[in-house]
Amino acid sequence: VEPNSINDEEVELLVNELLERHGYDFSGYARASLKRRINRLMGLDKLKSFQQLRFLLHPGDSYLQRFIEEITVNVTEMFRDPGFYQSLRNDVLPQLATRPFIRIWHAGCSTGEEVYSMAILLHEANLLQRSLLYATDLNPSVLEKVKQGIFPLNSLKQYSENYRLSGGKEDFSKYYSAKYDWAKFDEAIGKRIVVATHNLVIDRSFNEFQLILCRNVLIYFEKDLQDKVIGLFDDSLERLGFLALGAKESLKFSPFTRNYLQLPGKEKIWRKIK
Ligand SMILES: C[S@@+](CC[C@H](N)C(=O)[O-])C[C@H]1O[C@@H](n2cnc3c(N)ncnc32)[C@H](O)[C@@H]1O
């Protein structure tokens, strides 16, 4: 055990305090990853003890916001898992194209790389102007980045490679302008994106969608919370709508599985059939 790392009881105590004193409900989150993230943060910020961490989390202290941001993992990329985007292009968009209006929900969108990827697919399929992309996350500071549509330039090489692997035929650089170390995506690509905070643990359904994407979020939740959130998606999805999860996530063991049919292939995309 590292001198400044916290134990299982301390994780439990913190989860209780976060709920009772600060109104943040992490009780359904997988403890192993919470513990890892807390220990990582304590290392980053050179905290000496659990007591010091608790003291910093005093109500009204700005450290609370930093803590929440750091224990939720925000890693994302454009066209992450290119095969997934290929399946969106080939299997999902042609179905959505039959609809007069398309509403898509990106739940747990982090800084928005996934949302801009989707907007580019819709643009290329000539569907963007009749689509709305709702981008939500628990964490307000990542949502500021979604609004700006600005991503680090040094990631763009990999993103354009992902784009190409997903079946993209255009010169990817036509979608953004580079300035200093940043790439800013065109207004035309971002204009159908609507940004709002939404906490999957406590907030309700707010619309009916033809496609919901929630990738690499449920892996941080325990089974009961996963089932509850899948129930929320089920309530929010139109019949014959699509639900897309992350590579390590599945609908298979949820109570809703019989209402869905997984698309052929290995991608984590299901169609609601009932
Ligand atoms: C690893 S990122 C996934 C980003 C993107 N979906 C992707 O796959 O690249 C997980 C995101 O889920 C968000 N998140 C965690 N708990 C949440 C909750 N209860 N409600 C909404 N978003 C949450 C985090 O803030 C983080 O931005």
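In this predicted model, the shell of residues around the ligand divides into eight nonpolar, nine polar and four charged members. Altogether, 21 residues surround the ligand. The closest of them are Y29, T76, R80, D137 and N216.

Several polar contacts help to place the ligand in context. An oxygen atom of the ligand lies 2.6 Å from an N or O atom in the side chain of D137, a residue that is also listed among the closest to the ligand. The side chain of N74 takes part as well, with a polar atom 3.0 Å from an oxygen atom of the ligand. At R215 the backbone is involved: one of its N or O atoms is found 2.9 Å from a nitrogen atom of the ligand. Taken alone, the ligand exposes 610 Å², and the protein buries 98% of that area.

Turning to the space itself, the ligand takes up the largest pocket of the model. This pocket holds about 410 Å³ of space. Its lining is made up of 28 residues, and V73, G108, D137, N216 and V217 are the closest to its centre. D137 and N216 thus appear here and again among the residues closest to the ligand. Two elements each give two or more residues to this lining, namely helix 2 (31–44) and strand 2 (131–137). Helix 2 gives the most, with three residues. Sorted by class, the lining of the largest pocket has 12 nonpolar, 11 polar and five charged residues.

A further pocket deserves a look. The second largest pocket contains about 170 Å³ of space. Its lining consists of L218, I219, K223, Q226, D227 and I230, together with K248, E249, S250, F253 and S254. By class, these residues comprise four nonpolar, three polar and four charged. The charged ones include K223 and D227, while L218 and I219 are among the nonpolar ones.

How values were computed: Residues are numbered from 1 along each chain as its sequence is written. This is a predicted model: local features need pLDDT of at least 70, side-chain atom pairs count only at pLDDT 80 or more; totals for chains, interfaces and linings use all residues. Side-chain values use heavy atoms; hydrogens and water are left out. On a 1 Å grid over the protein atoms alone, a cavity is a set of points where a 1.4 Å probe fits but cannot get out, and a pocket is an open set with protein on both sides within 12 Å along at least five of seven lines; lining residues have an atom within 4 Å of a point. Grid points are joined across faces, edges and corners, and a volume is the space filled by probe spheres set on the points. Helices (H or I, at least four residues) and strands (E, at least two) are DSSP runs, numbered from the N terminus. A residue is near a molecule or strand if one of its heavy atoms lies within 4 Å of it. A polar contact is a pair of N or O atoms within 3.5 Å; within protein, one must be able to donate a hydrogen and the other to accept it, and residues adjacent in sequence count only if both atoms are side-chain atoms. Accessible areas come from the Shrake-Rupley method with a 1.4 Å probe; for residues, only the protein chains shown count as cover. A molecule sits in a cavity or pocket if more than half of its atoms lie within 2 Å of its grid points.
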